[in-house]
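Reader: I have not looked at this one before, so could you walk me through it step by step?

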Amino acid sequence: MAKGKTAGIGFFERNLTLWVILCMVAGVMIGRFLPAIPAQLAKFEYAQVSIPIAVLIWLMIYPMMMKVDFASVKNVGKNPTGLYVTWIVNWLIKPFTMFGIAAFFFYVVFKSLIPPDLARDYLAGAVLLGAAPCTAMVFVWSHLTRGNPAYTVVQVATNDLIILIAFTPIVALLLGVGGITIPWNTLFLSVFLFVVIPLVGGIMTRHIVIKNKGEDYFNQSFIPKFNNITIGGLLLTLILIFSFQGDVILGNPLHIVLIAVPLIVQTLFIFFIAYLLARKIRLPHDVAAPAGMIGASNFFELAVAVAITLFGAASPAVLATIVGVLVEVPVMLFLVKIANRTTGWFPSAASMNTR
């Protein structure tokens, strides 16, 4: 298993929780002792979008979009059962269970610990996470569970296409139910900036590079060049956000833990819904494991970007999405272990092919 981890998840990704904590400390210290820096950066915005943060988020999302082979979508009809599990769990179950679980904890369980206004903001951040299933790290989780790589690509590609249609109305609906009014035009702008633009750019870049250099060069030489850029963009974004979030964090340090609780519960719950459903319909393990992982993990880069656009970088809603980054890797590695220990629950791919 150790060897698989080394091959599947890099040093920075494996220690992402540690880096988030260090970025939290660095950002809070900058906000506390060098307040002129975030104050100056806050001046650079257009249509309520922070330009420095937007640039950093593009650095995170753009390389992810290049990894997805959207040409694989044409093969959807060959074996759609696993995709049905992914689509149903990600879009008909996950956003709504996130809303229910988060609302239950923030408004009921933690009622005496979280003021109503903060509870509403934290709920908004949780909703954004719940409506954004994973598009990048799922490749790592699929590798660590020996998932079918070709099928995982199709799962992710179709998921990205559904985000374009479903993300905005689901978020607007759930935030509206939660008593949070948001302008639709701002939500559409967020999706256009942080999904459509990097998606189109990623597709064009992939096509041009493969056409001129070949697919092996693209996968083995070109894409790896962006790995550190992605992580660097994420860490710099977090430092900048935490510099705006200093007062909220210092005033409510316990809230980091309180926010993490419903996010962890949701992650475990969604994984087992997808995983056990896949077992029920007798999918092979190399399809079932990625189906569980893609719903359990989140496209937190998108959630952070939209939260910033909708509510501002200093909003507690942004803090809630960042806590999602904080807990993602350790919880998902725990689920990887569960998936690898339960391969016997599923028929093998070989036996499925002989039926």
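Author: We can start with the overall fold and then turn to the core and a few single residues. This is a predicted model, in which local features need pLDDT of at least 70 and side-chain atom pairs count only at pLDDT 80 or more, while totals for chains, interfaces and linings use all residues. Residues are numbered from 1 along each chain as its sequence is written, and side-chain values use heavy atoms, with hydrogens and water left out.

Reader: Okay, how many helices and strands are there in the protein?

Author: The protein has 17 helices and two strands, where helices (H or I, at least four residues) and strands (E, at least two) are DSSP runs numbered from the N terminus.

Reader: And what is the radius of gyration of the protein, next to that of a compact globule?

Author: The protein has a radius of gyration of 20 Å, which agrees with the value near 20 Å that a compact globule of 355 residues would have; the radius is taken over C-alpha atoms, and the globule rule is 2.2 Å times the number of residues to the power 0.38. Along the principal axes, the C-alpha atoms fill a box of roughly 65 × 50 × 40 Å.

Reader: What share of the residues is buried?

Author: Buried residues make up 55% of the 355, with buried meaning under 20% relative accessible area, exposed over 50% and partly exposed in between (1.4 Å probe, protein chains only). Among the contacts with a separation of 6 or more, 86% come from residues 24 or more positions apart, a contact being heavy atoms within 4.5 Å.

Reader: Which residues have the most contacts inside the largest nonpolar core?

Author: They are Phe106, Tyr122, Trp141, Phe167, Met293 and Leu302, in a core of 123 residues. A nonpolar core here is a set of buried Ala, Val, Leu, Ile, Met, Phe, Trp, Tyr and Cys residues joined through side-chain atoms within 4.5 Å. Helix α16 (residues 316-341) supplies the largest share of this core, namely 17 residues. There is also a second, separate core of six residues, which includes Met66, Phe218, Phe222 and Phe226.

Reader: What does Tyr122 touch?

Author: Not counting residues up to four places away in sequence, Tyr122 touches Phe106, Ile114, Val248, His255, Ile259, Pro316, Leu319 and Ala320.

Reader: Let me pick another one: where is Ala126 found, and is it buried or exposed?

Author: Ala126 is found in helix α7 (residues 116-130) and counts as buried because its relative accessible area is 1%. Residues up to four places away aside, Ala126 touches Met98, Ala102, Leu263 and Ala320.

Reader: Switching to the loops, which loop holds Arg146, and what is its phi?

Author: Arg146 sits in the loop between α8 (138-144) and α9 (149-177), and its phi is near 60°, a positive value in a residue other than glycine. Arg146 counts as exposed because its relative accessibility is 59%. Arg282, which is not a glycine, has a positive phi of about 60°; it lies in the loop between α13 (254-280) and α14 (285-296), and at 44% relative accessibility it counts as partly exposed.

Reader: Last one, what is Gly312 in contact with?

Author: Leaving aside neighbours within four places in sequence, Gly312 is in contact with Ala307 and Val318. Gly312 is found in the loop between α15 (300-311) and α16, and Gly312 and Asn340, 28 residues apart in sequence, are 40 Å apart in space, C-alpha to C-alpha.
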